[in-house]
Structure formats: structure tokens, C-alpha cells
Amino acid sequence: MKELREKAGLGAEEAAFRLGVAHSTIRNWESGKTEPSLGVTKISELLLLYKCSFEELKQAVRESKTKFGG
């Protein structure tokens, strides 16, 4: 997920602020500790913010979990 965020040109703090979540939430997603558990509206915001499709987001979540053993 970190790659998607960085590709969108966002820092973790900015992404957290714009999504209304804690910075630690972004870190947990990126380290594979947790998956985004957002409502439909917030998931839509995440997709727009990260400039990715839902499939790209699902793949990034899978990769984060695999990469970091989450």
C-alpha cells in the first residue's frame, strides 16, 4: 500500500489527514498488520486519493500482508 500512496505523491501524514484516520492506521495498513476497514464512502475516497482501482487496492493489501507477514 505504501507504493500506491507514494505513487499518488502523498506522505503518510497527509493521507491520514485527508482520510480522517490516524497516522498509525496508515502505517498499519502499509505494514500488513491491518486492512482498511472503511465504509463505502471512505473506500471511494481512498481510491480517489491513491489514484487506483479497487483491484489495485486489493492487490496492494495482499502484497503488504505477504511482504511483512501480516
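Let's start with Arg18. Leaving aside neighbours within four places in sequence, Arg18 is in contact with Leu10, Glu45 and Leu49. Keep in mind that this is a predicted model. Arg18 is found in helix H2. Is Arg18 buried, partly exposed or exposed? Its relative accessibility is 47%, so Arg18 counts as partly exposed. One distance for Arg18 as well. Ala8 is ten residues from Arg18 in sequence, and the two are 13 Å apart in space, C-alpha to C-alpha.

Now, H2 against H4. Two of the contacts of Arg18, Glu45 and Leu49, belong to the H2–H4 contact. On the H2 side, that contact is made by Ala15, Arg18 and Leu19. On the H4 side, look at Lys42, Glu45, Leu46, Leu49 and Tyr50. What is the make-up by class? Five residues are nonpolar, none is polar and three are charged. As for geometry, H2 and H4 pack at about 145 degrees. Their axes are 10 Å apart. The crossing of H2 with H4 is right-handed.

Next, H2 against H3. H2 covers residues 12-19, and H3 covers residues 23-30. The angle between them is about 115 degrees, and the axes are 8 Å apart. That angle makes H2 roughly perpendicular to H3. The H2–H3 crossing is right-handed. Which residues make the contact? From H2, we have Ala12, Glu13, Ala15, Ala16 and Leu19. From H3, we have His23, Ile26 and Trp29. By class, the H2–H3 contact has six nonpolar residues, one polar and one charged.

Let me turn to the buried side of H2. Ala12, Ala15, Ala16 and Leu19 are buried. These four cover an arc of only 100 degrees around the axis, which puts them on the same side of H2. And what lies on the other side of H2? There, Glu13 and Phe17 are exposed. So far, that is H2 taken alone. What do its buried residues pack against? They pack against helix H1, which is residues 2-7, against H3, and against helix H4, which is residues 40-50. H2 is then followed by Gly20, and the phi of Gly20 is positive, near 75 degrees.

On to H3. Here the buried residues are Ile26, Trp29 and Glu30. Note the glutamate in that set: Glu30 is buried. The three cover an arc of only 95 degrees around the axis, which places them on the same side of H3. The buried residues of H3 pack against H1, H2, H4 and H5. Ile26 and Trp29 also appear in the contact with H2. Just after H3 comes Gly32, with a positive phi of about 80 degrees.

One residue of H3 deserves its own slide: His23. His23 is found in helix H3. With a relative accessible area of 26%, His23 is partly exposed. Which residues does His23 touch, not counting those up to four places away in sequence? The answer is Ala12, Glu13 and Ala16. Ala12 and Ala16 are among the buried residues of H2. Glu13 is exposed, on the other side of H2.

His23 brings us to Gly11. His23 and Gly11 are twelve residues apart in sequence, and their C-alpha atoms are 10.0 Å apart in space. Where is Gly11? Gly11 sits in the loop between H1 and H2. Its relative accessible area is 30%, so Gly11 is partly exposed.

Last stop: Lys51. Lys51 is in the loop between H4 and helix H5, residues 54-68. Its phi is positive, about 55 degrees, although Lys51 is not a glycine. Why mention that? Most residues other than glycine have a negative phi. Is Lys51 buried or exposed? At 64% relative accessibility, Lys51 counts as exposed.

To recap. H2 meets H3 at about 115 degrees, and H2 meets H4 at about 145 degrees. Both crossings are right-handed. Leu19 takes part in the contact with H3, and Leu19 takes part in the contact with H4. Ala15 is in the contact with H3 too, and Ala15 is in the contact with H4. Arg18 joins H2 to Glu45 and Leu49 by contact. Questions, please.

Notes: Residues are numbered from 1 along each chain as its sequence is written. This is a predicted model: local features need pLDDT of at least 70, side-chain atom pairs count only at pLDDT 80 or more; totals for chains, interfaces and linings use all residues. Side-chain values use heavy atoms; hydrogens and water are left out. Axes are lines fitted to C-alpha atoms, for helices over the stretch in contact, and angles run from 0 to 180 degrees between N-to-C directions. Angles under 35 degrees count as roughly parallel, over 145 as roughly antiparallel, 65 to 115 as roughly perpendicular and the rest as oblique. A crossing is left-handed if the near helix is turned anticlockwise from the far one by less than a right angle, and right-handed if clockwise. Contact means heavy atoms within 4.5 Å. Ala, Val, Leu, Ile, Met, Phe, Trp, Tyr, Cys and Pro count as nonpolar, Asp, Glu, Lys and Arg as charged, and the others, Gly among them, as polar. Buried means under 20% relative accessible area, exposed over 50%, partly exposed in between (1.4 Å probe, protein chains only). The arc is that of the directions from the helix axis to the C-beta atoms.
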